[in-house]
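User: Hi! I am new to reading protein models and would love a close look at one part of this one. Could you pick a helix that touches other helices and walk me through its contacts?

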Amino acid sequence: MIAKWIGKRVIMGTIVLIIVSFLSFFIMHAAPGNPAAAYYGGNAQTLTVAEQQRIEKAFGLDRPVLLQYGTWLGEAVKGNLGYSAKEGRPVIAILLERLPNTLQLVALTLFVVTIVSTWLGLRAGMKEGSLLDRGLSIFSIASSAIPPFWLGIVCIIIFSVQLGWFPSSGMNDVRGNGGWLDRLNHMVLPLIVLVFSHVGIFARFLQDSVKAENRSYYVQVARANGVPDRQIRKLILRNSVIPYINYIGVTIPSFFGGSIVVETLFGWSGLGSLLVKSVMVKDFPVLMGAILIIGVVVVICLFVIDVLMICINPRLRRGKLV
C-alpha cells in the first residue's frame with residue numbers, strides 16, 4: 001500500500017513539473033524580444049542577418065517552439081539541461097553552485113518562522129480577546145501587506161548604513177575567512193525580511209485553529225474535570241498542528257518566490273538572483289533549469305509534508321494508505 005501511495009505521488013509530482021516547465025517555456029518564448037539575443041553576445045548590433053540565422057539554426061532556435069520544448073524535455077529527463085547562453089557553462093553546474101545558498105536561506109527562514117509562529121499562535125489563541133490576540137491579528141495583516149523589497153531597503157538603511165551592525169549585501173566578507181559565522185552575519189538581514197513577511201500570517205493561521213480547538217466540547221470537559229492547563233495546551237496544540245503543517249506545505253513555494261526579491265536586493269548568490277539575472281539577459285537555458293530545479297525542490301518538500309501528515313494523523317494514514 002505504501003509503495004502504491006508513493007508511486008501515485010511520484011506520478012503527480014512528475015505531471016506538475018511537466019506542466020510548470022511547459023508553461024514557463026512557452027511564456028518565455030511569447031515574451032517580447034528575440035530568444036537568441038543572449039547567444040549573440042556583445043556582437044548583436046554588428047551581426048548580419050545571415051550570421052544571426054546561422055546562430056539560431058546552430059542552437060535550434062529556428063524550429064517551432066513545441067519542437068524546441070520536446071527536445072529540451074527529452075534532454076532534461078537525461079539530466080542534461082544544456083549550456084548557458086551567456087557563460088557557455090553547463091546549466092546543471094551553475095545551478096548546483098547556487099542551489100545550496102538558496103536552500104540555506106529558505107530552510108533557516110522556514111525553521112525560524114515555524115518556531116516563532118507556533119509560539120505566537122498558541123499563546124494568542126489560548127488567550128482569546130486579549131491584547132496579544134488582537135495585536136497578532138493586526139500584525140499579520142500589516143506584515144503581509146508590506147512589500148519585502150521596501151522592508152529590505154529600510155533594514156539596509158537602519159542596520160547597515162546608520163548602525164553598521166550587519167553587511168548590506170553579499171554572502172561573505174572579502175576580509176573574512178568565509179566561515180559559517182561570517183555567512184550567518186550576512187544572512188541576518190535577508191532572514192529578517194523573509195521571516196517578517198511570513199511569520200504573521202503563519203501565526204494567524206495557527207491562532208484560529210487553536211481558538212477553534214479551545215472552544216470545543218472535549219476541552220470544556222477536560223477543564224471541568226480539573227485537567228491541568230499544561231496538558232490541555234498540549235492536546236490543543238497536537239490537534240491544531242495538523243492543518244498548520246498542511247498550510248506550511250501549501251505555502252512552501254512562496255518562500256522561494258520571496259527569495260527571488262530578497263536575494264536580488266541583498267546580493268545573495270542563490271537561485272532567486274540567478275533567475276532575475278537570466279531574465280535580464282534572456283539566458284533561457286539557465287532560466288528553464290532554475291525553474292525546473294525549484295519545482296523539483298518544492299515537489300520533494302510537499303512529499304515530505306505529506307509523509308509527516310500521515311505519520312502524525314492516524315485518520316489520514318487509514319484513508320490514504322488503504
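Analyst: Happy to help; we will start with the whole chain, settle on helix H5, and then visit a few other spots for comparison.

Please keep in mind that this is a predicted model. The protein chain has 13 helices and 0 strands, so reading from the N terminus you meet one α element after another. Its C-alpha atoms fill a box of roughly 85 × 60 × 35 Å, taken along the principal axes.

Now to our chosen part. Helix H5 covers residues 91-126, and we can look at its contacts with two partners, H11 and H12.

Take H11 (271-281) to begin with. The axes of H5 and H11 come within 8 Å and cross at roughly 130°. An angle over 145 degrees would count as roughly antiparallel, and this pair is therefore called oblique instead. On the H5 side, the contact uses Ile94, Leu95, Arg98, Leu99 and Thr102. Facing them in H11 are Leu271, Gly272, Ser273, Leu274 and Lys277. Sorted by class, the contact of H5 with H11 has 5 nonpolar, 3 polar and 2 charged residues.

There is a nice pattern to spot in numbers like these. An α-helix has 3.6 residues a turn, so residues three or four places apart point the same way. Try looking for that spacing in the H5 names as you turn the model.

The other partner is H12, residues 284-312. The axes of H5 and H12 come within 10 Å and cross at roughly 45°, which makes H5 oblique to H12 as well. This crossing is right-handed. H5 brings Val91, Ile94, Leu95, Leu99 and Leu103 to the contact, while H12 brings Pro285, Val286, Gly289, Ala290, Ile293 and Val297. Here the residues divide into 10 nonpolar, 1 polar and no charged. Notice that Ile94, Leu95 and Leu99 of H5 appear in the contact with H11 and also in the contact with H12.

What lies between H11 and H12? A loop does, and Lys282 is found in it. Lys282 has a positive phi of about 60°, although it is not a glycine.

For comparison, look at H9 (residues 217-224) and H10 (residues 229-266), whose axes come within 10 Å and cross at roughly 170°. These two helices are therefore roughly antiparallel to each other, and their crossing is right-handed. Tyr218, Val219, Ala222 and Arg223 in H9 meet Asp229, Ile232, Leu235, Ile236 and Asn239 in H10. By class, that contact holds 6 nonpolar, 1 polar and 2 charged residues.

One last stop is helix H8, residues 180-214. A straight helix of 35 residues would span 51 Å, yet H8 spans only 42 Å between its end C-alpha atoms. Where does H8 bend? At Val188, by about 40°, and a proline, Pro190, follows within four residues.

Definitions and conventions: Residues are numbered from 1 along each chain as its sequence is written. This is a predicted model: local features need pLDDT of at least 70, side-chain atom pairs count only at pLDDT 80 or more; totals for chains, interfaces and linings use all residues. Side-chain values use heavy atoms; hydrogens and water are left out. The expected span of a helix is 1.5 Å times one less than its number of residues. The bend at a residue is the angle between axes fitted to the seven residues ending there and the seven starting there. Axes are lines fitted to C-alpha atoms, for helices over the stretch in contact, and angles run from 0 to 180 degrees between N-to-C directions. Angles under 35 degrees count as roughly parallel, over 145 as roughly antiparallel, 65 to 115 as roughly perpendicular and the rest as oblique. A crossing is left-handed if the near helix is turned anticlockwise from the far one by less than a right angle, and right-handed if clockwise. Contact means heavy atoms within 4.5 Å. Ala, Val, Leu, Ile, Met, Phe, Trp, Tyr, Cys and Pro count as nonpolar, Asp, Glu, Lys and Arg as charged, and the others, Gly among them, as polar.
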